Structure formats: structure tokens, C-alpha cells
Amino acid sequence: MAKEDLDLQKVSKFGKKIGGILNGAAAALMISVGHKVELFDTMAGLGESSISKISEKAKLDERYVREWLSAMTTAGIVEYDTNRDLYLLPPEHAAMLTRSAGPRNQSLYMQYIPLLAKVEDQIVDHFRNGGGVPYSEYTTFHQIMAEASAARFDTLLVDTILPLVPNIIPQLDDGILVADVGCGSGHAVNVMGSAFPNSSFIGIDFSAEAVNVALAEAEAMSLTNVDFYQQDAAEIETSEKFDFITTFDAVHDQARPREMVASIFKVLKPGGYWLCADLCASSHLGENLDHPIGTFGYTVSCMHCMSVSLAYGGEGLGAMWGAQQARDIFTNEGFLVDEVARVDGDAGNNYYICKKPNL
């Protein structure tokens, strides 16, 4: 197309959009850094402050803090008084960027950007040759996932998420056998174990590293009613029949998700419930065009969830597999999907309340 045939207004508008994407990507990296060195947490309690004061309170190198503050100021995250050379993190921004924000702390999720960047060259190779990137290449994945999950579980799991399941709280109080499949670093299991001492909890995960982290936390919490096993979620090996099973963001990146669901169905008692949390999305791209984190979801899917599944010869469902496909898979394996619920404070997930019919 000749230059004179271009819609110059459209070119200009798209140029601004591309510039915004570039600035947003850069800001995401700086937000991740700010979270890790606790600059947001430090600034939240300081009010208007000089660079030297912020650096001193955070115990960080002043030159790096100056450059970080400049990036955060131009991104519209930190406010700057040019006359007095003072910086402020507004409380409305702190409410979404500090550890005290709990599950609403968006800086937690910015950490996925540098994590995914580490495997970019491998992803490019797999675009050309197929295959995928294995879990072992995502060196900080479990640490990031554990931190984000802990913010959600500590605040919401016992009082908000579990009560979605009919009559489950009285059963947990009385004492039942529970499994969390694809438990990762096991924080959900340990939170439940602490809250319901009469019940017994088992965490199951493919990663030996994650299981070891879970066991260490359980020991530190002096829990005697929890245990963890390294197993393939598609082949749960146990003679036990569980009264209740949970999965949190664990189905879509499995190599064999359908076999995992079938395995959960097999080890759950008739009449028992499976509570499945997974990313809130539609299975149809056209219905995700206005998804608030759609681009992020598809990017994480392409560079982690789908790729990890493909690395093990799997189906590669991806993070944005969507509610329609989830419901189809669950019902095809025999579950009744009683409800697909949402939780205030966890905008990113659907909660599928799945029941195994009485035989």
C-alpha cells in the first residue's frame, strides 16, 4: 500500500497506542522491581518525601531509587511536586500496589512479565519447531505463584471461597478427608489445615520442589493434619476416597487435563464436591475482546500455561480455555456443575462447584 493511501489519523492513533504498550511494558518491569524491593510499601507510609528520605527508609541505593521514581512518575503511579522535589504514592494507588492490599495487590502479577521474558528465546524456537518449555525453566514461578496465592488464600479462602460449597464448613468442622490437587507450594492446604483441625488434608503436586516448600511451611506452622505427595494429577494413586477436593488454577496447564478431571472424579466419594478455581474467561475469542486482562491472559497462556503442557506432550489447553470448555470437560467426565461463582476480591477466577452424583 502506498503511503498516500494510508489513513493518517488511523496511523497516528495506532502510533499512540503502540507507544502506550511500550510504556506499559516498561512500567510493568519497574512495578515488579518496586514490589520486590518493597518501595511501594515504604512510600505508602511516608507521605510527600525526598529521594534521600525514601532511599534511607527503604535501605536502598539512592541512584537507583531516583531512576525508579522517575519511571514511576512518568507512568502516573507516583506523584511529583516539581517545585519542592518531593514524591508521593497516593493512598488510592497504594491500595492496589502494596502488600497490605492483599489479593488486590496488582504488583504481585507484574512479576510474571520478567519471568516470561526469561524464556522468550525458547518460545521463539518452539514457534518454529513445535514443542514447549518445561516447568524447570521457569525458575521463580512457584515463588511468584505462592506469593500471589497466599495473598488470596489468607484473606478469602476460609471465610469467602469455601462457603461457596453447600454445607462444607460444618463438614470441615466435624472432620472430613480433603485433597488439593495441583497444590503447588501448598499454602491453601496449610491454611485449611490450620482453620479446620478436625479434618485431614492431602496436597498433591507434580513438582518435588513445590512439595518440599509445602512440607516446610506445614512444619513451621506445627500442623499435624496435613501431608503432601509428589504425584501426577492425571494418575492420583491412593486407596482413599476423599469427601471434598479442591483445585486452584491447576487444570488448564496440565499435560492431560481430561485425565486429571477423571482422576479427581474417581477418588471423590459419591455425593462429594470438587471446588475448581480457574481463570475467568470465555472459550470464544470474540467474547474476550473486552476482557480486562485478556492480553495478559493470552500472553501468560502462550508463554507458560500452554507451552508447559505441550512440553510434556500435552493438550495445551492454555489459560484462556474458558468457561464453556471447562463445563464441557467437567460434565463429560461425570460431574454435575452446580454453579459457576465469582468472588469479590478475586476478579480473575471462576469458581466451579462440581458435584459427583450419588451412585
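A residue counts as buried when its relative accessible area is under 20%. By that cut-off, Tyr 352 is buried, because its relative accessible area is 1%. Phe 330 is buried as well, with a relative accessible area of 0%. Both values come from a predicted model.

These two residues belong to a wider set of aromatic contacts. The count comes to 12 aromatic pairs. One of them joins Trp 274 and Phe 330. Their ring centres lie 4.7 Å apart, and the planes meet at 65°, an edge-to-face arrangement. Trp 274 belongs to strand β7 (residues 268-279), whereas Phe 330 belongs to helix α15 (residues 323-332). The pair therefore ties together parts that are 56 residues apart in sequence. Trp 274 and Phe 330 are both buried.

Phe 330 also pairs with Tyr 352. Here the centres are 5.4 Å apart and the planes stand at 85°, so this pair too is edge-to-face. Tyr 352 is located in strand β9 (residues 346-355). The contact with helix α15 thus links distant parts of the chain, 22 residues apart.

Ring pairs extend this arrangement into a cluster. Its members are Phe 265, Trp 274, Trp 321, Phe 330, Phe 335 and Tyr 352. A charged group meets the cluster member Phe 265. The charged end of Lys 356 sits over the Phe 265 ring, 4.7 Å from the ring centre.

Strand β7, which carries Trp 274, is largely enclosed by the rest of the structure, because nine of its 12 residues are buried. Its pairing with strand β6 (residues 242-248) is parallel and runs over six bridges. Trp 274 takes part in this pairing as the bridge partner of Ile 245. Trp 274 is thus found both in the ring cluster and in a strand bridge.

Attention now turns to a pocket. The second largest pocket has a volume of about 200 Å³. Its lining consists of 13 residues. The closest to the pocket centre are Tyr 135, Ser 136, His 142, Ser 207 and Glu 209. By class, the lining holds seven polar, five nonpolar and one charged residues. Two helices, α9 (141-161) and α12 (208-220), each supply at least two lining residues. The largest share, three residues, comes from α9.

Definitions and conventions. Residues numbered from 1 in each chain as written. Predicted model: local features only at pLDDT ≥ 70, side-chain atom pairs only at ≥ 80, totals over all residues. Heavy atoms only, no water. 1 Å grid on protein atoms, 1.4 Å probe; cavity = no way out; pocket = protein on both sides within 12 Å on 5 of 7 lines; lining within 4 Å. Points joined across faces, edges and corners; volume = space filled by probe spheres on them. Helix = DSSP H or I, 4+ residues; strand = E, 2+ residues; numbered from the N terminus. Nonpolar A, V, L, I, M, F, W, Y, C, P; charged D, E, K, R; others polar. Phe/Tyr/Trp six-rings, centres within 6.5 Å; stacked < 30°, edge-to-face > 60°. Buried < 20%, exposed > 50% of the residue type's maximum accessible area, 1.4 Å probe, protein only. Lys NZ or Arg CZ within 6 Å of the ring centre and 35° of its normal. Pairing = 2+ DSSP bridges.
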